[in-house]
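Got the viewer open? Let's take a short walk through this one, one selection at a time.

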Amino acid sequence: MIILKLVIVLAILLLVMYFSLRLIKRGMSKRYEPKARTPWNTLSDGEDPTL
């Protein structure tokens, strides 16, 4: 009986770890995607986009 409880707790723990790792990886990949080039992105390059 105790072995069954340990298996259930371990399965729940593994599921929580799996989903948390998926969320972390998804958030990191979106954070570092390059932004599309627009005239307003050149502001960070020190250029005036209105010229």
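Start with the whole chain coloured by accessibility: of the 51 residues of the protein, 4% count as buried. Keep in mind that this is a predicted model. Now switch on the surface. The protein exposes about 5200 Å², and 71% of that comes from carbon and sulfur atoms.

Next, go to cartoon view. You'll find 1 helix and 0 strands. Select residues 2-31 to light up helix α1, and pick out Ile-12, which has its place there.

Stay with Ile-12 and add Met-1, Leu-4, Ile-8 and Val-16 to the selection. Together these five residues make a nonpolar surface patch of about 540 Å².

Now for the rings. How many aromatic pairs does the count come to? The count is 1. Show Tyr-18 and Phe-19 as sticks: their rings are arranged edge-to-face, 5.3 Å centre to centre, with 65° between the planes.

Before you leave this pair, check its cover. Are the two rings' residues buried or exposed? Tyr-18 is partly exposed, because its relative accessible area is 44%. Phe-19 is also partly exposed, with a value of 47%.

Key:
Residues are numbered from 1 along each chain as its sequence is written. This is a predicted model: local features need pLDDT of at least 70, side-chain atom pairs count only at pLDDT 80 or more; totals for chains, interfaces and linings use all residues. Side-chain values use heavy atoms; hydrogens and water are left out. Patches are made of residues with over 30% relative accessible area and no salt bridge: like charges are joined within 9 Å, nonpolar side chains (Val, Leu, Ile, Met, Phe, Trp, Tyr) within 5 Å. Accessible areas come from the Shrake-Rupley method with a 1.4 Å probe; for residues, only the protein chains shown count as cover. A salt bridge is a side-chain nitrogen of Lys or Arg within 4 Å of a carboxyl oxygen of Asp or Glu. Helices (H or I, at least four residues) and strands (E, at least two) are DSSP runs, numbered from the N terminus. Rings of Phe, Tyr and Trp (its six-membered ring) pair if their centres lie within 6.5 Å; planes under 30 degrees apart count as stacked, over 60 as edge-to-face and the rest as tilted. Buried means under 20% relative accessible area, exposed over 50%, partly exposed in between (1.4 Å probe, protein chains only).
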